[in-house]
Amino acid sequence: MKILCFVGPPGSGKSTIIMKLAARYAFKKKEKSDDPETIILGFNNWNIAGSFAVEKMAGITGIRYKQITAATDIKKSELNDNVVFVDMPGSFYNEEIYHELLREVRDTSEKITFILVLDANYSSE
């Protein structure tokens, strides 16, 4: 099982990358039935538009999608040996709350990999 959590600032392209990668995995599975299933966990509860777009794309491509509201939901999602993309919220005004959320996610499984997504024009200023 692979659990890939995409993190980064709002508007950096996390949801877009997840949609493209998940679709690629899903189409690959159609060619090779023994490939793992692709699952998207929508944890981006602060950006309704992004979550809606990812959920709709998942429906069109036949990818399993589940909206989650807590880090512990990752463990409860019957992930088995699948490829799992977690659409994390962009960092927001209270960085300490965001860092705590990332720690909670990290602690749910040893198999989680965080992928930082930055816009090519990103500036910390």
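## Contacts along and across the chain

In this predicted model, 75% of the contacts between residues at least 6 apart in the sequence of the protein chain join residues that are at least 24 apart. One pair of residues that can be followed in space is lysine 76 and threonine 108, which are 32 residues apart in sequence and have their C-alpha atoms 9.9 Å apart. Lysine 76 belongs to the loop between α3 (72-75) and β4, and with a relative accessible area of 56% it is exposed, because the cut-off for that word is over 50%.

Of the 125 residues in the protein chain, 43% count as buried. The accessible surface of the chain comes to about 7,500 Å², and carbon and sulfur atoms account for 53% of that surface.

## Elements and the sheet

The protein chain holds four helices and five strands, and, read from the N terminus, these elements follow the pattern β-α-β-α-β-α-β-α-β. How are the strands ordered in the sheet? The five strands form an open sheet in the order β3-β2-β4-β1-β5, and their pairing is parallel. At the edges of this sheet are β3 (64-67) and β5 (112-116), each of which pairs on one side only, while the twist from one strand to the next averages 20°.

Strands of a sheet pair through backbone hydrogen bonds, and the pairing may be either parallel or antiparallel. Here β2 and β3 run parallel and are joined by four bridges; leucine 41, for instance, has lysine 66 in β3 as its bridge partner.

## Helices against the sheet

Two of the helices can be described by the strands that they cross. Helix α1 lies across β1, β2 and β4, and runs at about 165° to β4, whereas α4 lies across β1 and β5, running at about 145° to β5.

## Two nonpolar cores

In soluble globular proteins, nonpolar side chains tend to be buried together. In this model the largest nonpolar core has 18 residues, of which Ile3, Leu41, Val86, Met88 and Val105 touch the most other members. At least two residues of this core come from each of β1 (2-7), β2 (38-42), β4 (83-87) and α4 (95-106), and α4 gives the most, with four residues.

Which residues does valine 105 touch, if those up to four places away in sequence are not counted? They are Cys5, Phe43, Ala71, Ile74, Met88, Ile112 and Phe114. Apart from the largest core lies another one, of 16 residues, and its members include Ile18, Ala23, Met57 and Phe85.

## Aromatic rings

The count of aromatic pairs comes to two. In one pair, that of tyrosine 25 and phenylalanine 85, the ring centres are 5.7 Å apart and the planes meet at 70°, which is over the 60 degrees that the label requires, so the pair is edge-to-face. Because tyrosine 25 lies in helix α1 (residues 14-31) and phenylalanine 85 in strand β4, this pair ties together parts that are 60 residues apart in sequence.

Are the two residues of this pair buried or exposed? Tyrosine 25 is partly exposed, with a relative accessible area of 26%, whereas phenylalanine 85 counts as buried, because its relative accessibility is 0% and the cut-off is under 20%. Together with Phe6, Tyr25 and Phe85 form one aromatic cluster.

Note on methods: Residues are numbered from 1 along each chain as its sequence is written. This is a predicted model: local features need pLDDT of at least 70, side-chain atom pairs count only at pLDDT 80 or more; totals for chains, interfaces and linings use all residues. Side-chain values use heavy atoms; hydrogens and water are left out. A nonpolar core is a set of buried Ala, Val, Leu, Ile, Met, Phe, Trp, Tyr and Cys residues joined through side-chain atoms within 4.5 Å. Buried means under 20% relative accessible area, exposed over 50%, partly exposed in between (1.4 Å probe, protein chains only). Contact means heavy atoms within 4.5 Å. Rings of Phe, Tyr and Trp (its six-membered ring) pair if their centres lie within 6.5 Å; planes under 30 degrees apart count as stacked, over 60 as edge-to-face and the rest as tilted. Two strands pair if DSSP finds at least two bridges between them. Axes are lines fitted to C-alpha atoms, for helices over the stretch in contact, and angles run from 0 to 180 degrees between N-to-C directions. Accessible areas come from the Shrake-Rupley method with a 1.4 Å probe; for residues, only the protein chains shown count as cover.
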